[in-house]
Amino acid sequence: MDFYEYLVDNAEPLSQEALDHIVVVGISVGIALVLGCALGVLAHRSPRLRPPILAVSATLLTIPSLALFAMFIPLLGLGTPPAVVALVLYALLPIVRNTVVGLGSVDQSVLRAARGMGMGSWRRFLRIELPLAWPVVLTGVRVSTQVVVGIAAIAALVNGPGLGNEIFRGLRSLGSPFALNLVLGGTLGIVVVALLFDAFFIALRRLTTARGIR
Amino acid sequence: MAVDVMAAPVEHSRRRVLRWLGMPLLLAVVGISLYAYVSTQELDTIERRVLNAPGLTDRVIEHLQLAGLSTLVVIAIAVPLGILATRRGARFVAPVVLILGNLGQAIPSLGLITLVVLLAGVGFKSIVFGLVAYSALPILRNTMVGLQQVDQTLVKSARGMGMSAWQTLTRVELPLAVPVILAGVRTALIINIGTATLSTFFGVQALGYVIFQGIQLDRTPVLIVGAVMASGLALLVDYLAGVVEELLTPRGL
């Protein structure tokens, strides 16, 4: 059976798995965005906490993905929960780092001007610092997403959702004539998901960047 | 202000000590706790079949062989390619390589290696081949970026002093690009250590074997030993690579 026929015959399960893949990546990156921004703001505000926060998030990215997925099985069992936790941890570093860089690049005189206008620290953060740092933060989110889309394939090994299952099925039937179609379907599907996310972030960047700095 | 000036070097040196000793200490603590944890467990026969000193040593050796060999092959392929792509006359290649490379990044490691194994067969060589394909980009990119950011006036003055193109490359451009290239090598090495855990699905029993046995046999001690050892190995190699990086960087940079 050639690959095209295979795709047509399996359009429904494949798109379901692609959807699962998108959902699990979306949830993980969403959690990582909130957590990473919070850690980034903390690291930006406190020079004392900055080295440990950056070092720990860099260390997380060094840990082999299969090991990180496996480590949460004793606590969370098999399936989606250990996958999401591991993916969130992987997504942290680019978001934290870019939040620190983005906030650090905000012109101090702008902040002083805002203060002179009578803005409190909370409003200064929400209306001045965050919008100015946002494009850099968003670039970090985009990098995280690319990393996580690929690593999510390995989540199938801990019974996680997504297109990794397709690859894993092919892997289990190495040598059979279906193996290539399965692996190719899963792999190319993940590339498509990655490109879709990238297009989404390009659009999001245009929509959410403050008009003054576009 | 005076207090700041006095305090700064102390703070600095303390941070340096922490930077160089922090990771070995952490790994030692993790290693000892892992050993203590396993010693308190009553291992059944299945667990003992995986968790024994000679077996685990073999797993670590296989893992290091896979990652080490593939990193050496990647360096041998990607550094010369990166140099070629930045030579005059071939500069148009650089943006093409970068775009292709960025697209290639979207390919998942598991899928790429499985495809390579499907085409080349199960075994050590195919896995090395897959690892090389997956980790080529960071070194290629960093070699190109490292060479491109060398100040062109330096290159011109080297040529003006009568150095040949080859001498300029080996004595001016490459030494100046070394830090960036080394950063790429370190990234590739860590990618290879991480991805080598997947080799268990393709007939090579590295540390991923221990992890996956733990999952399949539902044996938590096996799983934890595999996961912690694989993580510890990655962190240790990353740490050592950092030390080597520092030592190999030319003085003056």
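Student: Let's start with chain B of this predicted model. How many helices and strands are there in chain B?

Tutor: Reading along the sequence, the pattern of chain B is α-α-α-α-α-α-α-α-α-α. The strand count in chain B is zero, and the helix count is ten.

Student: What box do the C-alpha atoms of chain B fill, taken along the principal axes?

Tutor: Chain B has 253 residues, and buried ones make up 39% of them. Among its contacts with a separation of 6 or more, 73% join residues 24 or more positions apart. Along the principal axes, the C-alpha atoms fill a box of roughly 75 × 65 × 30 Å.

Student: Which residues of chain B does the UniProt annotation "domain: ABC transmembrane type-1" cover?

Tutor: That annotation comes from an unreviewed UniProt entry. In the model, the annotated span is 82% helix and 0% strand, and its end C-alpha atoms lie 17 Å apart. The record places the domain at residues 60–241 of chain B.

Student: Now for the place where the chains touch. Which element gives the largest share of the side of chain B that touches chain A?

Tutor: The contact takes 32 residues from chain B and 32 residues from chain A. On the chain B side, the elements giving two or more residues are α5 (109–120), α8 (165–196), α9 (207–216) and α10 (220–248). The largest share is ten residues, and they come from α10(B).

Student: And how many residues on that side of chain B are nonpolar, polar and charged?

Tutor: We're still on the side of chain B that touches chain A. Its residues divide into one charged, eleven polar and, for the nonpolar class, 20.

Student: Which element gives the most to the largest nonpolar core?

Tutor: This core has 121 residues. Those with the most contacts inside it include Phe69(A), Leu87(A) and Ile211(B), so named residues come from chain A and from chain B. The top contributor, with 14 residues, is α6(A).

Student: Ala70(A) is also among the residues with the most contacts in that core. Which residues is Ala70(A) in contact with, leaving aside its neighbours within four places in sequence?

Tutor: One of its partners is in chain A, namely Val158(A). Across in chain B, the partners are Ile211(B), Gly214(B), Ile215(B), Leu223(B), Gly226(B) and Ala227(B).

Student: Is Pro81(A) buried or partly exposed?

Tutor: Pro81(A) sits in helix α6 (residues 80–104) of chain A. From Val29(A) it is 52 residues away in sequence, and 14 Å away in space, C-alpha to C-alpha. A buried residue needs 20 or more other C-beta atoms within 10 Å. Pro81(A) has 15 such neighbours, so it counts as partly exposed.

Student: Why is α9(A) called largely enclosed by the rest of the structure?

Tutor: Its buried residues are Gly164(A), Asn165(A), Glu166(A), Ile167(A), Phe168(A), Gly170(A) and Leu171(A). They pack against α2 (11–45) and α10 (179–208) of chain A, together with α5 of chain B. The helix counts as largely enclosed because the buried residues number seven of the nine.

Student: How many residues of helix α7 of chain A are buried?

Tutor: Helix α7 spans residues 108–116 and is hardly covered. After α7(A) comes Gly118(A), with a positive phi near 95°. Among the nine residues of α7(A), the buried count is zero.

Student: How do α8(A) and α10(A) run relative to each other, parallel or antiparallel?

Tutor: Their axes come within 10 Å and cross at roughly 170°. That angle makes the two helices roughly antiparallel.

Student: What classes of residue make up the contact of α8(A) with α10(A)?

Tutor: On the α8(A) side, the residues include Trp134(A), Leu138(A) and Arg142(A). On the α10(A) side, they include Phe197(A), Asp198(A) and Arg205(A). By class, the contact has ten nonpolar, four polar and three charged residues.

Student: Asn159(A) has a positive phi although it is not a glycine. Where is Asn159(A)?

Tutor: Its phi is about 60°. With 17 other C-beta atoms within 10 Å, Asn159(A) is partly exposed. Its place is the loop between α8 (121–151) and α9 (164–172) of chain A.

Student: And Asp218(B), is it exposed or buried?

Tutor: Asp218(B) lies in the loop between α9 and α10 of chain B. Its phi is positive too, near 55°. Only 12 or fewer other C-beta atoms within 10 Å are allowed for an exposed residue. Asp218(B) has 11, so it is exposed.

Terms used: Residues are numbered from 1 along each chain as its sequence is written. Chains are lettered from A and ligands numbered from 1 in the order in which they are written. This is a predicted model: local features need pLDDT of at least 70, side-chain atom pairs count only at pLDDT 80 or more; totals for chains, interfaces and linings use all residues. Two residues are in contact if their C-beta atoms, placed from the backbone, lie within 7 Å. Helices (H or I, at least four residues) and strands (E, at least two) are DSSP runs, numbered from the N terminus. Ala, Val, Leu, Ile, Met, Phe, Trp, Tyr, Cys and Pro count as nonpolar, Asp, Glu, Lys and Arg as charged, and the others, Gly among them, as polar. UniProt positions are given in the numbering used here, feature names are shortened, and annotations may be inferred rather than shown by experiment. A nonpolar core is a set of buried Ala, Val, Leu, Ile, Met, Phe, Trp, Tyr and Cys residues joined through C-beta atoms within 7 Å. Axes are lines fitted to C-alpha atoms, for helices over the stretch in contact, and angles run from 0 to 180 degrees between N-to-C directions. Angles under 35 degrees count as roughly parallel, over 145 as roughly antiparallel, 65 to 115 as roughly perpendicular and the rest as oblique.
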